[in-house]
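Please read this briefing beside the sequence and the coordinates. It takes up cysteines, nonpolar cores and the ligand in turn.

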Amino acid sequence: MEEGKLELTWVGKDRRLLSHGDDRYEWVDPADWRVSEIRLLHDVDTVGDPDSGNLLIHGDAMHALDALIHIPHLAARYEGKVKLVYIDPPFNTGQAFTHYDDNLEHSVWLTLLRDRLTQIQRLLAPDGSVWVHLDDVEQHRARCVLDEVFGAENFVATVIWQKRYSRSNDASFSVAHDYLLVYRSTPAWSRSGRLSRGADAQYSNPDDDPNGPWRGVPWDAPEERKGLDYPIVTPMGDVKRPPKGRHWSGTEANWQAVVAEGRDYYGKAGSGMPNVKRYLSEMPGLVPHTIWGHEEVGHNDEATKETQALSPSGSAFATPKPERLLERVIHIGSDPGDIVLDCFAGSGTTAAVAHKMGRRWLTVEVSGETVSTFLRPRLEMVVNGKDPGGITTVETPTGEGLPDGVKAGEAKAAAKALAAFQKAGALEEVDGLDEAAVKAAVKALRAAEKTTSEVRWEGGVGFTHVEVGPSMFEDVDGIIVMAEWAVGGELTEAVAAQLEFELAPEGPLAGRKGRKRMAVVDGMVTGAVVEHLVGLIGDDETLLVVGRALAPGVEDRVRELRSGSRARKIPRDLATVGRLPSRLVRLKPRKAEVS
Ligand SMILES: C[S@@+](CC[C@H](N)C(=O)[O-])C[C@H]1O[C@@H](n2cnc3c(N)ncnc32)[C@H](O)[C@@H]1O
């Protein structure tokens, strides 16, 4: 029997992609410094609380995620600690949207997705989950890639989101949905965030019970049982016994407890069969369905209006997602205080909603124009409490003042149905029901539905705006040299990040990684220099000295002085350091492929 695993292959799968920033990509070796270099993140400024840990990162997701994974002080904060990742990458629809192009070779698109997912895996907490938002163009191929990166056993669900409510009659099918592919990081993900029951039509409050809406559960149950047929006296004085062939659900003492709690109910007239009140507020939440309708979580038009209201120019982002959709994703996949990541930020819906829901967040966007037009202003408004839209304010039908038998939400639903019937011309045949009468009825039904409005977010916390720094290397006619800015302290910082040393300045020693100490020499490393440096480190420590030039014999000298120590020359020894997980670099054929 042949060995091997099922996998999707594509041209260039073993390579990586270098973005030239103008929608051109170049296939490169995974060890190529242009994709393997760890770039620094430079502070732009901070809005609100400087210690929030929330980061708006302007730059390519590839560099941003690498920085979060490899720069020690960032890795300590974020690696393996992100609870929820939601990404809404360009779907590869073949279109050029106003704010970005969306037309790549499948192999390019798949490589980009695979590489971002591999980075995301490093950031995810063991009990985290990743949600990938796509449409039909790539979702079937993306499933294979997700299986490969996270393991098919970690597939959780495919959610179908109804993004449109109107129909395109000029297409063969009017596509009304997108997909959210949900994978868990490891089987440790046991979370199944329950959904609120909201205004459930089965529950009402006809007697203005201060405990809120409730429903009556009969106290009688099938079969006769001895001792469970005691008399119960109603408020009107009627004596009730279980109907023939039935018994009371609990003992007489149990019923007395129900009465003591004020949960007994005997119908409107107070003379019916005994019931126990079950309050809506006590019911466990609902397990989410895999089909999410637009009424529950919003649609594309809603999202467009939300971004329009938040953009200082009044323009709308091309492909935003509604806040209610992200509210549900974040509710299911995280708890307050958890870290949520979206490395394809667009207008910033994920970060804005995560912020308003008390989560911490990281978000990345490559387009400077999108950052300045949509993302940054939106997040600033959220922090400053100037974003009244989206999930900030929640309207809940109260059911107050509705006629007997009509429950909360039903008047609004009736108004909607009536308006839809009229629009479809389905009421024309009904005598005496002209357009004006229907309009008046719709208006009256809408007015009858009283709602309470709860403001859930009034501003606060903050975020730091950073940007991915430039490369420390430059290619001058095929020769790699250090960039002009990479001198002194900045050179040290860039080298430390590249080699994953924590910055820990102590005299000429600049960083540490466990028992290894590092020094960066912005010039020639001589024998005298290494003798001095080795004299500064502890007896059980080793030295890594990095310099622009190494004097002859210095590499041997440092090893002689302290076994395990090394000298490296920049850029020569740094620009070739590959950092990809080795399974991405599969240059030799696997056993199963050798005939
Ligand atoms: C579909 S939009 C995301 C919309 C977002 N969910 C919202 O609600 O506004 C995709 C975004 O990813 C950004 N993007 C594309 N490639 C990227 C990359 N390599 N790094 C970071 N962002 C990228 C695009 O500029 C675009 O803004």
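Does Cys 343 count as buried or exposed? At 3% relative accessibility, Cys 343 counts as buried, where buried means under 20% relative accessible area, exposed over 50% and partly exposed in between (1.4 Å probe, protein chains only). The model is a predicted one, in which local features need pLDDT of at least 70 and side-chain atom pairs count only at pLDDT 80 or more, whereas totals for chains, interfaces and linings use all residues. Residues are numbered from 1 along each chain as its sequence is written, and side-chain values use heavy atoms, with hydrogens and water left out.

**Cysteines**
- Cys 144, at 33% relative accessibility, counts as partly exposed.
- Zero disulfides (pairs of cysteine sulfur atoms within 2.5 Å) are found in a search of the whole structure.

**Nonpolar cores**
- The largest nonpolar core (buried Ala, Val, Leu, Ile, Met, Phe, Trp, Tyr and Cys residues joined through side-chain atoms within 4.5 Å) has 64 residues, and Leu 68, Leu 117 and Ile 120 have the most contacts inside it.
- Apart from this core lies another, of 33 residues, among them Leu 180, Ile 330, Ala 351 and Met 357.

**Ligand surroundings**
- Of the 19 residues around the ligand (a heavy atom within 4 Å of it), Ala 61, Asp 88, Ser 347, Thr 349 and Glu 365 come nearest.
- A backbone N or O atom of Ala 61 lies 2.9 Å from a ligand nitrogen atom.
- Ser 347 places a polar side-chain atom 2.6 Å from an oxygen atom of the ligand, and a polar side-chain atom of Glu 365 likewise lies 2.6 Å from a ligand oxygen atom.

Key. A polar contact is a pair of N or O atoms within 3.5 Å; within protein, one must be able to donate a hydrogen and the other to accept it, and residues adjacent in sequence count only if both atoms are side-chain atoms.
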